[in-house]
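Colleague: Hi! Could you walk me through this one?

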Amino acid sequence: MEVVVLPDTARIAALVADAVEDLVRRRPDAVLGVATGSTPLPVYRELVRRRDAGVAPDYDAVRFFTLDEYVGLPAGSEASYRCTIARELTDPLGVDASHVHGPDPSPDGLADAGERYEAAIRDAGGIDLQLLGIGSDGHLAFNEPGSSLASRTRIKTLTEQTRRDNARFFGSAQEVPRHVLTQGLGTILEARHLVLVATGGAKAAALAAAVEGPVGASCPASALQLHPHATVLLDDAAAAGLERAAHYREVWEHKPTWQGL
Ligand code: F6R
């Protein structure tokens, strides 16, 4: 796992945008896994800024897969992850809606929604680069503590802490749906490159457990330690709990420039 500690969000966003654009230039029909929530927004704004400036690669053939989706929201709700990713990223990038996929939360199809989503990812050839955030309780996508490290896309119940954390996207914690569909940890581990971004002191404890703690279901994000190509980018506040922070900084400072992320 590569851990990169940077002083500000803008540098993190630029580096992640570079990695996404490098991939899309190498592979114009790349498959991108995208996260929602607040953390990836600077990355999305940077990608959109570059497109508006006319310096971005062509996204016409790129396919997008969201990590997760709320269950029980009215169809077309602005808080749904499908609408969020369209609003923040894929519409501004000019991506055709048919290239943007998410788990299907419609009530009639919930029983096999996970299997259908797994099949869609498989049919696309698997995810090349998966963007990730981390919950303050260590969740990865919406795999809450206790989730199997081998889990696949399925319905899950959010913890009270996650519903409180996400209340800012709704009127109150009570309005945050209790159920979600989420890629499993086993699903996420099959993506070819995992890129997790964490910013702010509220993530420091979960991040330290994920990166330096034991691998286990109690901290689902610790599953990253099992992946052969995982990159973790964080600001100083999110890095505050890391014992080896000085070493990560030294590694980054002396990293050969040809290596990339
Ligand atoms: C979102 C997701 C979640 C978030 C996490 C952090 O698709 O899967 O795991 O990444 O809850 O959310 P923010 O970035 O809002 O702190």
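**Ligand and rings**

Colleague: Where does the ligand sit?
Modeller: The ligand sits in the largest pocket. A pocket here is an open set of points on a 1 Å grid over the protein atoms alone, where a 1.4 Å probe fits, with protein on both sides within 12 Å along at least five of seven lines; sitting in it takes more than half of the ligand's atoms within 2 Å of its grid points. This is a predicted model: local features need pLDDT of at least 70, side-chain atom pairs count only at pLDDT 80 or more, and totals for chains, interfaces and linings use all residues. Residues are numbered from 1 along each chain, and side-chain values use heavy atoms, without hydrogens and water.

Colleague: How many residues surround it?
Modeller: 14 residues surround the ligand (a heavy atom within 4 Å), and the closest include Thr39, Asp68 and Lys203.

Colleague: How far is the polar side-chain atom of Thr39 from a ligand oxygen atom?
Modeller: That distance is 2.4 Å for Thr39, 2.5 Å for Asp68 and 2.7 Å for Lys203.

Colleague: New topic: how many aromatic pairs are there?
Modeller: The count is 5 aromatic pairs (Phe, Tyr or Trp ring centres within 6.5 Å). Tyr70 and Tyr81 have ring centres 4.8 Å apart and planes at 55°, so the pair is tilted (neither under 30 degrees, stacked, nor over 60, edge-to-face).

Note on methods:
Polar contact = N/O pair within 3.5 Å; in protein donor to acceptor, adjacent residues only side chain to side chain. 1 Å grid on protein atoms, 1.4 Å probe; cavity = no way out; pocket = protein on both sides within 12 Å on 5 of 7 lines; lining within 4 Å. Phe/Tyr/Trp six-rings, centres within 6.5 Å; stacked < 30°, edge-to-face > 60°.
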